[in-house]
Amino acid sequence: MQSDSTNINVPLVRMQTLLRSVYIRLRAKQAGRKYSPQSRSDNNEAWKKPAQTCINLNADPEVYLTAQFTYLPGTVFPNMCHGSKAVGNYQRYMSTHANDVAAGTAAEAAQTVLCGTPSIKMVAQRIDDLKSAISSSDIPDGMSITDYLAVSSSRFDALAVMACYGNVDKIRDVYKDRAMNELNDNPYLKFGVRGLNIPVECINV
């Protein structure tokens with residue numbers, strides 16, 4: 001069994017997923033047409049540093065990337081979304097839009113408190129259960145966690161897998177439909193997903 005199965009950085013992976021989902025939407029808006037991610041420049045690895053920066057700043061991913069698209073000239077790429085310039089773009093954006101951002105955050109929080117608290121706990125527990133299930137799995141040497149999940153889909157919770165690994169193409173191919181079917185059957189789960197900053201739109205790619 002691989003040792004990395006016990007060291008899943010769920011917040012980082014979740015932030016990568018959310019940033020990538022927002023980025024795809026903003027790139028499409030910028031270009032005025034559908035954006036198809038390029039594997040060389042827009043992949044899971046490319047979003048690690050931007051995700052860690054976003055976490056360090058305690059920034060809303062939507063706001064953070066909006067700042068980059070606002071102040072970076074030309075086409076924005078993932079490798080431009082971290083470092084001192086990216087942080088400066090975010091701080092500059094917040095200096096003029098802080099009130100608007102706070103108002104939107106307050107509205108989202110109120111909706112979550114009213115409708116989603118039980119669902120937040122439910123989804124969080126399912127993610128914890130997934131981590132335990134992976135830790136107790138006998139993953140063959142040389143096989144990555146995502147490869148193992150992709151070939152063992154019937155054993156794992158689709159919504160929890162998508163919450164943690166929904167930015168990986170092979171995971172989306174196997175788990176997306178099951179996760180979306182559950183969200184459609186139980187709309188209150190969407191509040192739990194949003195309350196944990198899991199991108200519903202990424203599941204529904």
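Analyst: A helix crossing is called left-handed if the near helix is turned anticlockwise from the far one by less than a right angle. In this predicted model, α7 passes α8 in just such a left-handed crossing.

User: Why are α7 and α8 called oblique to each other?

Analyst: Start with the angle. The axes of α7 (residues 158–165) and α8 (residues 169–185) cross at roughly 125 degrees. Roughly perpendicular covers 65 to 115 degrees, and roughly antiparallel needs over 145. The value of roughly 125 degrees fits neither class, so the pair is oblique. The axes also come within 8 Å.

User: Which residues in α7 and α8 meet?

Analyst: From α7, Ala158, Leu159, Val161, Met162 and Tyr165 take part. From α8 come Ile171, Arg172, Tyr175, Lys176, Arg178, Ala179, Glu182 and Leu183. By class, this contact has nine nonpolar, no polar and four charged residues.

User: What makes Ala160 buried?

Analyst: Its relative accessible area. Ala160 has 2%, and buried means under 20%. Ala160 therefore counts as buried. Ala160 is found in helix α7.

User: Leaving aside neighbours within four places in sequence, which residues is Ala160 in contact with?

Analyst: Arg126, Ile127 and Leu130. Ile127 lies 33 residues from Ala160 along the chain, yet their C-alpha atoms are separated by 5.0 Å.

User: How many aromatic pairs does the structure hold?

Analyst: Four. One of them joins Tyr23 and Trp47.

User: Why is the pair of Tyr23 and Trp47 called edge-to-face?

Analyst: Two values decide. The centres are 5.0 Å apart, and the limit for a pair is 6.5 Å. The planes are 65 degrees apart, and over 60 counts as edge-to-face. So the label holds.

User: What makes this a link between distant parts of the chain?

Analyst: Tyr23 sits in helix α1 (residues 10–31), while Trp47 is in the loop between α1 and α2 (48–57). They are 24 residues apart. Both Tyr23 and Trp47 are buried. With Phe69, they form one aromatic cluster.

User: How do you know which label suits the planes of Tyr148 and Phe156?

Analyst: Use the same cut-offs. The centres are 6.1 Å apart, within the 6.5 Å limit. The planes are 70 degrees apart, over the 60 needed. This pair is therefore edge-to-face.

User: Why do Tyr148 and Phe156 count as buried?

Analyst: Tyr148 has a relative accessible area of 10%. Phe156 has 4% relative accessibility. The cut-off is under 20%, so Tyr148 is buried and so is Phe156.

Technical notes
Residues numbered from 1 in each chain as written. Predicted model: local features only at pLDDT ≥ 70, side-chain atom pairs only at ≥ 80, totals over all residues. Heavy atoms only, no water. Axes fitted to C-alpha atoms, helices over the stretch in contact; angles between N-to-C directions. Helix = DSSP H or I, 4+ residues; strand = E, 2+ residues; numbered from the N terminus. Parallel < 35°, antiparallel > 145°, perpendicular 65-115°, else oblique. Contact = heavy atoms within 4.5 Å. Nonpolar A, V, L, I, M, F, W, Y, C, P; charged D, E, K, R; others polar. Buried < 20%, exposed > 50% of the residue type's maximum accessible area, 1.4 Å probe, protein only. Phe/Tyr/Trp six-rings, centres within 6.5 Å; stacked < 30°, edge-to-face > 60°.
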